[in-house]
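Me: I am new to this structure and would be grateful for a close look at a single part of it. Please set that part in its surroundings as you go.

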Amino acid sequence: MARLNVNPTRMEMTRLKGQLKTATRGHKLLKDKLDELMKQFMEIVRENKRLREEAEKALEDAYKNFIIARAVLSEASLGEALMIPQQAVSVKVTNRNIMSVNVPVFDFHKEGDTGNIYPYGMAFTSGELDSAMISFSDAMEPLLRLAESEKSAQLLAQEIERTRRRVNALENVMIPNYQETIKYITMKLEENERANTTRLMKVKDMVAKKAIEDRKKQDEIACQRCVQHNA
């Protein structure tokens, strides 16, 4: 803990107490925000795991069937069959707010012949190619959702790190510094007050002593006059 370089006055202590109150409240709010961010982050991570497994399973099936289809069909026949796609996917990106963090939301639509995903006739292709096309089509949605989830998790992780640094700075630096400085000013003010009290007591003793001496002198003068008068 380091003490702030300020003048030990009551005005400075009042100002620092206000800043300490603000810092303490800010620390609590940031701590609550950090807890909620962690909760949202863990939910996204769990969803991310589910989407990844779903996408990997669909892609694994698609690649297996596609490899078999390549073994059955010639490269020229395969290229001709897949030359003109029947469908296209358009993606619209918007944002949603999670604890002041704007995370992406992917809204995608399939365009073209939605009832037919095969860009070829069935006469000269294999069933494995059909299965591969279905698997690739099934993998599209979890892949896009996975990309959305991955980016959301990345942005939340960055915000969690920033918030954690702020919480640590308040908890370990700013608040202890304010407390240490307020304690120092309080001690200095009490020390000054004790010194003033001591000075006042000394002045009071000096005044009392002088009053006693003056009274004594007056009594001596009065006695001398009384003796002279009797004589």
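Which strand gives the largest share of the nonpolar patch?

Reply: The model shown here is predicted. In it, the largest share of the nonpolar patch comes from strand β1, which spans residues 87–98 and gives three residues to the patch. The patch covers about 290 Å² of the surface and is made by V89, V91, V93 and M140. V91 belongs to strand β1. This residue counts as partly exposed because its relative accessibility is 41%, a value that lies between the limits of 20% for buried and 50% for exposed.

The loop between β1 and β2, where β2 covers residues 101–112, holds M99. Although M99 is not a glycine, its phi is positive, at about 50°. With a relative accessible area of 31%, M99 is partly exposed. S100 is also placed in the loop between β1 and β2. The phi of S100 is likewise positive, about 70°, and S100 is not a glycine either. The relative accessibility of S100 is 51%, so S100 counts as exposed, since the exposed class begins over 50%.

The account now turns from the strand and its loop to the nonpolar cores. As a general matter, nonpolar side chains in soluble globular proteins tend to be buried together. In this model the largest nonpolar core has 13 residues, and those with the most contacts inside it are M13, L16, L20, A23, Y178, I182 and I185. Two elements, α1 and α3 (127–230), each give two or more residues to this core. The largest share, seven residues, comes from α3. L16 shows how such contacts run: with neighbours within four places in sequence left aside, L16 is in contact with L4, V6, Y178, T181, I182 and I185. A second core, separate from this one, has ten residues, and L34, V101, A153 and L155 are among them.

A153 also serves as a point of reference for helix α1. M42 lies in that helix, and its C-alpha is 8.8 Å from the C-alpha of A153, although 111 residues separate the two in sequence. M42 is partly exposed because its relative accessibility is 37%. N48 is another residue of helix α1, which runs over residues 10–72. In contrast to M42, N48 counts as buried, because its relative accessibility is 9% and the buried class takes in values under 20%. When residues up to four places away in sequence are not counted, N48 touches L146, S149 and E150.

Charged residues complete the view of this helix. In general, side chains of opposite charge can pair when their charged atoms come close. The count for this model comes to twelve salt bridges, taking a side-chain nitrogen of Lys or Arg within 4 Å of a carboxyl oxygen of Asp or Glu. One of them joins the side chains of E12 and R15, with an N to O distance of 2.6 Å. Both residues lie in helix α1, three residues apart, which is about one turn of the helix. R15 counts as partly exposed, because its relative accessibility is 38%.

Further along helix α1, the side chains of E47 and R50 meet in a salt bridge of 2.5 Å, N to O. E47 and R50 are three residues apart within helix α1, again about one turn of the helix. E47 has a relative accessible area of 34% and is therefore partly exposed. The value for R50 is 40%, so R50 is partly exposed as well.

A further salt bridge pairs the side chains of K57 and D61 at 2.8 Å, N to O. Here the spacing is four residues, about one turn of the helix, and both K57 and D61 lie in helix α1. K57, with a relative accessible area of 47%, is partly exposed. D61 is partly exposed with a relative accessible area of 24%. Elsewhere, K33, E159 and R162 form one network through salt bridges that share partners.

To return to the request, the part in question is strand β1, which gives three residues to the nonpolar patch, and the patch itself is made by V89, V91, V93 and M140.

Definitions and conventions:
Residues numbered from 1 in each chain as written. Predicted model: local features only at pLDDT ≥ 70, side-chain atom pairs only at ≥ 80, totals over all residues. Heavy atoms only, no water. Patch = residues over 30% accessible without salt bridge, like charges linked within 9 Å, V, L, I, M, F, W, Y side chains within 5 Å. Areas by Shrake-Rupley, 256 points an atom, 1.4 Å probe, with all protein chains shown as cover. Buried < 20%, exposed > 50% of the residue type's maximum accessible area, 1.4 Å probe, protein only. Contact = heavy atoms within 4.5 Å. Core = buried A, V, L, I, M, F, W, Y, C linked by side-chain atoms within 4.5 Å.
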